[in-house]
Amino acid sequence: LDVTAGDEREAALRRREVHLQSLLDTVPDAIVVIDAQGKILQFSTAAQRLWGYAPEEVVGQHFTILAPAAEREGIAAVLRRFLETGRGLTDRVVTSVAQAKDGRQFPVEARTGVAHSDQDLLLTIFLRDLTEQVTAEERLRDLNAEIAHVSRQSAMSELAADLAHELNQPLSATSNFLAAARMLLVRGEDPA
């Protein structure tokens with residue numbers, strides 16, 4: 001019996017598995033693979049860094065363990081709706097809140113891919129931490145508010161300068177007129 005072809009297929013399968021593991025280890029975004037029941041099957045190295053869990057702590061757990069308790073039912077409902085209708089997960093980017101092992105919450109952007117293998121359904125969720133982006137947006141809003149405040153102060157200063165100029169002209173003219181009138185009176189000229 002010639003087993004060469006079988007050995008070659010097994011070697012090719014091992015190469016693909018090693019290649020897939022290499023991808024999971026090097027992709028900068030977190031990758032979580034779940035089944036149709038929502039159980040975590042794979043947890044990438046980036047996901048480990050982001051959530052602080054080791055793979056053995058989350059593999060086999062329901063994927064909602066990665067979300068805050070208040071968000072879990074809503075997230076599970078999205079999966080149920082997708083399984084019923086086939087829509088709602090793969091056709092959009094979802095932003096949500098995740099919760100790390102230490103309780104820290106952070107914003108994430110999620111994209112989901114679907115793979116059918118025999119009778120199994122696998123969902124690959126790509127998650128990106130949005131903490132830096134949200135922080136930058138908040139800083140930009142703060143700077144814009146500060147610029148608007150400085151602009152209003154500058155406008156008020158210009159208005160005050162214009163008002164002072166407009167008041168200074170008639171007051172100077174009145175002062176000059178009174179000085180001239182005093183000089184005429186001192187000289188004894190006609191007071192009228």
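In what order do the five strands of the open sheet stand? In this predicted model, the order is β2-β1-β5-β4-β3, and the strands pair in an antiparallel manner. A reader who wants to trace the sheet from rim to rim can start at either of its edge strands, β2 (40-43) or β3 (94-99), each of which has a pairing partner on one side only. On average, and with direction ignored, neighbouring strands of the sheet are turned by 35 degrees against each other.

Two of the strand pairs deserve a more detailed look. Strands β4 (residues 105-117) and β5 (residues 120-129) run antiparallel and are joined by ten bridges. Within this pair, Val 114 of the model faces a partner in β5, where Leu 123 stands opposite. Towards the β2 edge, the antiparallel strands β1 and β2 are joined by three bridges. Here Ile 34 stands opposite Ile 40, a residue of β2. The hairpin made by β1 and β2 has four residues between its strands, and in this hairpin Gly 38 takes a positive phi near 90 degrees.

A helix accompanies the sheet. Helix α4, which spans residues 69-85, lies across four strands, namely β1 (30-35), β3, β4 and β5. Relative to β5, helix α4 runs at about 135 degrees.

The next feature to visit is a group of aromatic side chains. Two aromatic pairs are found in the structure. To describe such a pair, one gives the distance of the ring centres and the angle of the planes. For Phe 43 and Trp 51, the centres lie 6.1 Å apart and the planes make an angle of 45 degrees, so the pair counts as tilted, a class that falls between stacked (under 30 degrees) and edge-to-face (over 60). Phe 43 and Trp 51 are both buried. Ring pairs also bring in Phe 106, giving a cluster of Phe 43, Trp 51 and Phe 106.

Finally, there is the largest pocket, which holds about 400 Å³ of space. Its lining consists of 22 residues, and those closest to the pocket centre are Phe 63, Ile 75, Ala 110, Ile 125 and Leu 127. Which elements give two or more residues to this lining? They are β1, α4, β3, β4 and β5. These names may sound familiar, since helix α4 was described above as lying across β1, β3, β4 and β5.

Key: Residues numbered from 1 in each chain as written. Predicted model: local features only at pLDDT ≥ 70, side-chain atom pairs only at ≥ 80, totals over all residues. Heavy atoms only, no water. Pairing = 2+ DSSP bridges. Axes fitted to C-alpha atoms, helices over the stretch in contact; angles between N-to-C directions. Contact = heavy atoms within 4.5 Å. Phe/Tyr/Trp six-rings, centres within 6.5 Å; stacked < 30°, edge-to-face > 60°. Buried < 20%, exposed > 50% of the residue type's maximum accessible area, 1.4 Å probe, protein only. 1 Å grid on protein atoms, 1.4 Å probe; cavity = no way out; pocket = protein on both sides within 12 Å on 5 of 7 lines; lining within 4 Å. Points joined across faces, edges and corners; volume = space filled by probe spheres on them.
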